Amino acid sequence: MVLHKKAWAPISRLLTPLEGVRMTALLWKLVRQLITLSGNDIRPFFYDVSILIDDPGDQHLKFSSSHTSFTVHYCPSHTLKNFDMGSTNPLPSLLIFGPQMELPPKIVLANLRDELVKNQSLSSLVAAIENLPQFWRALANFDPELDEVQGAKYLSDLQHWISHGGEFPHRSSSVPNLLAVPVTVILQITQYTRYITGLGVKHPHLRVLAGLQKAGVQGFCIGFLGALIVANARNEAEIGAVAGTILRLAVCIGAYVDQDGGLGTTSPGSACIAVRWKEGNTNGKEEVAELVQQFADAYIASINDPTSVTVTAKQSDIADLSNSCRVRGYRVTTVHVKGRFHSSVHEPTVEKIIKFAMSRDDMELPTTDALQVPVRSTVDSTIIREGTLIRHILENTLSKPVNWHITVQAAAAQLSEDAGPVAAFVGAGSHAPTSLVPDSRFTIISLGEVSTSEAGSTLLSDSPSVNGIAQSEYPPKSIAIVGMAGRFPGANSLDELWQLLLSGKVMAQPAPVDRLGLPQTGDYANTKWWGNFLSDPDAFDHRFFKKSSREAIAWDP
């Protein structure tokens with residue numbers, strides 16, 4: 001193989017898709033070595049660093065052939081100006097899909113829907129969404145006990161919203177898991193495809209995969225589904241196809257969590273809190289575990305980092321459990337997830353879902369050897385190489401507790417010799433364990449928060465009109481009210497305040513005398529102080545700053 005300074009020299013070889021993305025890094029290293037040997041007058045230039053089909057019918061870009069052609073060009077430095085160098089945005093070395101959280105505001109969901117229906121590469125995903133009512137009928141026929149979760153109503157509402165637009169049909173605080181789980185997958189995949197489209201290069205998904213060969217793509221809880229979608233897709237079109245298959249699995253996961261929690265019945269269900277102890281407390285996890293055992297059906301669902309866990313318990317026990325944690329000096333934040341995820345109670349459910357999936361062609365997933373980049377099980381942090389993807393998905397979301405900290409730590413360790421690695425997060429906020437953040441080598445970006453002028457712009461993009469009125473038509477000095485938030489006695493959000501008003505409850509209660517420094521001796525020894533008071537008055541308002549509760553618990557006040 002010869003690279004000559006004065007002539008173009010293509011390097012071509014027939015590769016499988018997996019070999020192709022791995023060859024990117026190898027060829028790049030080779031060219032860099034040649035530059036060192038020949039002097040600085042040769043600059044590497046990857047004008048077509050992409051994987052193209054070498055099809056007998058000359059149908060290039062038809063990613064269905066079993067072989068591919070990978071071509072790299074170089075050119076002398078004085079000719080660089082003649083070619084488009086492509087995107088200058090840093091590509092991720094590690095891609096992370098965050099967990100399910102409270103759904104975003106309706107304007108974000110509206111933009112999500114518009115992005116989704118306009119993106120041709122996601123047409124298979126749109127078709128899968130529109131078919132969800134029929135899919136639900138098949139699932140309910142398979143397991144009639146699921147009728148109580150009212151899947152037909154919620155999924156028909158989702159199908160109608162995708163097909164016709166308008167406002168999202170449900171308040172984010174009242175969405176059941178059978179809707180929230182698939183919507184989380186849809187949101188994250190739409191966010192990712194918007195990011196790669198914004199890179200402005202040919203075959204952007206393949207370029208992203210090339211940069212993920214070491215650390216791969218990882219997913220936390222429901223984010224595990226999005227991670228597998230990206231890791232399985234060999235090109236942009238396959239993202240939508242794989243997402244459509246996994247979307248059906250997301251509906252199953254959400255439905256069975258709702259059924260377990262008694263959705264549609266008088267059962268109070270389960271809720272989650274994030275608990276953090278002080279750094280240096282080496283027994284923190286054991287202390288929290290011992291405390292959790294005092295509450296029936298409570299358990300540690302995930303280890304978020306060395307000083308934080310997520311605990312799931314009965315809704316009726318959450319207040320007492322939270323107070324018990326605070327008495328011991330732990331910080332507690334509500335996690336906006338209802339129901340039992342990561343619980344052994346779902347082991348029979350895993351087998352039930354697998355049996356249902358095996359009866360349907362539209363739930364057939366690729367094998368583990370089809371993964372284009374490393375994906376680690378959050379159960380034990382090992383790279384997935386064996387077993388079936390459906391079992392891995394169900395274990396990582398439903399039936400087993402997870403250790404997110406060691407998973408990200410193991411992935412990041414693969415970049416220990418890399419200069420300037422980039423960790424990118426899909427979803428709202430970022431979900432890097434705090435042990436990763438202090439590593440000064442990492443550039444950490446969130447695909448949900450990048451500027452709208454850059455690749456990966458947020459779904460809250462600029463719009464030429466508001467409520468059908470062009471922005472330029474508003475009078476000068478107009479004020480736009482773009483949102484509101486508030487915390488009140490007995491209600492930590494506007495939705496909770498509305499429910500409080502509807503219930504007609506009186507929130508007067510005995511005053512926290514120690515907190516307010518109220519007199520309790522002398523003339524006031526028998527005085528009963530009453531009032532309406534905020535809970536957790538020193539708590540950080542993470543919603544106002546568009547951060548997740550899991551992020552907030554990791555920060556100092």
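Cys252 sits fully out of reach of solvent in this predicted model: its relative accessibility is 0%, so the residue counts as buried. Cys272 is in a similar position on paper, since its relative accessible area of 6% also puts it in the buried class. For Cys272, the closest cysteine sulfur belongs to Cys221 and lies 8.5 Å away. A disulfide would need the two sulfur atoms within 2.5 Å, so the Cys272 sulfur is too far from that of Cys221 for a bond. Counting by this rule gives zero disulfides.

Turning to a serine, Ser322 is part of helix H11, which runs over residues 318-327. With a relative accessible area of 7%, Ser322 falls under the 20% limit and is therefore buried. Leaving aside residues up to four places away in sequence, Ser322 touches Ile273 and Val332.

As for the chain as a whole, helix H11 is one of 17 helices, and there are 18 strands as well. Of the 557 residues, 49% are buried, and Cys252, Cys272 and Ser322 are among them. Contacts reach well along the sequence: taking those between residues at least 6 apart, 72% join residues at least 24 apart. The accessible surface of the chain adds up to about 27200 Å², and carbon and sulfur atoms account for 53% of that area.

Conventions:
Residues numbered from 1 in each chain as written. Predicted model: local features only at pLDDT ≥ 70, side-chain atom pairs only at ≥ 80, totals over all residues. Heavy atoms only, no water. Helix = DSSP H or I, 4+ residues; strand = E, 2+ residues; numbered from the N terminus. Buried < 20%, exposed > 50% of the residue type's maximum accessible area, 1.4 Å probe, protein only. Contact = heavy atoms within 4.5 Å. Areas by Shrake-Rupley, 256 points an atom, 1.4 Å probe, with all protein chains shown as cover.
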